[in-house]
Amino acid sequence: MELAERLKWLRQRHGLSQRELAKRAGVNNSLISQIEQEAVNPSVATLKRVLDGFPISMGEFFSLERAPLRPVFFRGEELVSMNSGEVQMWLVGPLHGRRLALQRERYPPGADTGPEMLSNEAEEAGLVLSGEIEVTVGGQRCLLRAGDGYYFDTRQPHRFRNLGSESCELVSAATPPTF
């Protein structure tokens, strides 16, 4: 990676605009733009001053390995389908290296997570978007409707069932991911 490309990559990794980096480094924002466009080759002193805006040493800066950025946004067609029986689930983003699973779930009338209660090592929360769903957690059972939510320790046996006559849609999150 060349200096200009490396600086732009690092600035973007830190979520900084050119103006914000310039402000942190105490330099003119046009200087950052010129360096990134290779219109100017900064002196060692100027580059050190710019890098102090992160902060990062020159040695660290020049030894950075360009790791791919994780995707941040996901279109509906990019969600990972995890359908099982009648229950449809779509995971937001790949789970590799993540500490949270977020998913959209659809339970058609009569659908459930199965006759056996589920149990795993996580915490789960969810919000019903439409329809209704019966949620059983341990010895507690509740019929949740649109706008209702839940939060529980998934080590407790649990189950989801749609006893209604219309599909239920919900959004749920679990940490750590258990899929």
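This section describes the fold, the sheet, the nonpolar cores and selected local features of a predicted model.

The protein chain contains five helices and nine strands. Read from the N terminus, the order of these elements is α-α-α-α-α-β-β-β-β-β-β-β-β-β. The radius of gyration of the protein chain is 24 Å, whereas a compact globule of 179 residues would have a value near 16 Å. Along the principal axes, the C-alpha atoms occupy a box of roughly 70 × 30 × 25 Å. Buried residues make up 35% of the 179 residues in the protein chain. The exposed surface amounts to about 10800 Å², and 50% of this area is supplied by carbon and sulfur atoms. Among contacts in the protein chain with a separation of 6 or more, 62% are between residues 24 or more positions apart.

An open sheet is formed by six strands, arranged in the order E1-E2-E3-E9-E4-E7 with antiparallel pairing. Strand E1 (80–81) and strand E7 lie at the edges of this sheet, and each of them pairs on one side only. In general, the strands of a sheet pair through backbone hydrogen bonds, in either a parallel or an antiparallel manner.

The pairing can be followed from the E1 edge. E1 and E2 run antiparallel and are joined by two bridges, with Val80 having Leu91 in E2 as its bridge partner. These two strands form a hairpin with six residues between them, and Gly85, in the turn, has a positive phi of about 65°. The next pair, E2 and E3, is antiparallel and is held over four bridges. Here Trp90 stands opposite Arg104 in E3. E3 in turn pairs with E9 in the antiparallel sense, over seven bridges. The bridge partner of Tyr107 in E9 is Cys168.

Tyr107 also features in the interior of the model. The largest nonpolar core comprises 18 residues, and Tyr107, Ile133 and Phe160 are those with the most contacts inside it. Two or more residues of this core are given by each of strand E2 (88–91), strand E3 (101–107), strand E5 (132–137), strand E7 (149–153) and strand E9 (168–175). E5 provides the largest share, namely three residues. The surroundings of Ile133 were examined with its neighbours within four places in sequence left aside; the residues in contact with Ile133 are then Tyr107, Val128, Cys142, Leu143, Leu144, Phe160, Arg161, Asn162, Cys168 and Leu170. Both Tyr107 and Cys168, the bridge partners in E3 and E9, are thus found in this list of contacts. A second core of 17 residues is separate from the one just described, and its members include Trp9, Val27, Ile32 and Phe54.

Aromatic side chains were considered next. In total, four aromatic pairs are counted. One of the pairs is that of Tyr150 and Phe152, whose ring centres are 5.7 Å apart; the pair is tilted because the ring planes lie at 35°, a value between the limits of 30 degrees for stacked and 60 for edge-to-face rings. Tyr150 and Phe152 are both buried. Together with Tyr107 and Phe160, these two residues form one aromatic cluster. Tyr107 and Phe160 therefore belong to this cluster and, with Ile133, are also the residues with the most contacts inside the largest nonpolar core, where a core consists of buried residues joined through side-chain atoms.

Several features of the backbone were also identified. The peptide bond from Phe54 to Pro55 is cis, and its omega is near -10°. Pro55 is placed in the loop between helix H4 (44–51) and helix H5 (58–63), while Phe54 is one of the residues of the second core. Another cis peptide bond links Thr175 to Pro176, with omega at about -10°. Pro176 lies in the segment after E9. A positive phi in a residue other than glycine occurs at Glu38, where the angle is near 60°. Glu38 is located in the loop between helix H3 (29–36) and H4. The relative accessible area of Glu38 is 61%, and the residue therefore counts as exposed, the threshold being over 50%.

Note on methods. Residues are numbered from 1 along each chain as its sequence is written. This is a predicted model: local features need pLDDT of at least 70, side-chain atom pairs count only at pLDDT 80 or more; totals for chains, interfaces and linings use all residues. Side-chain values use heavy atoms; hydrogens and water are left out. A nonpolar core is a set of buried Ala, Val, Leu, Ile, Met, Phe, Trp, Tyr and Cys residues joined through side-chain atoms within 4.5 Å. Buried means under 20% relative accessible area, exposed over 50%, partly exposed in between (1.4 Å probe, protein chains only). Contact means heavy atoms within 4.5 Å. Two strands pair if DSSP finds at least two bridges between them. The radius of gyration is taken over C-alpha atoms; the globule rule is 2.2 Å times the number of residues to the power 0.38. Accessible areas come from the Shrake-Rupley method with a 1.4 Å probe; for residues, only the protein chains shown count as cover. Rings of Phe, Tyr and Trp (its six-membered ring) pair if their centres lie within 6.5 Å; planes under 30 degrees apart count as stacked, over 60 as edge-to-face and the rest as tilted.
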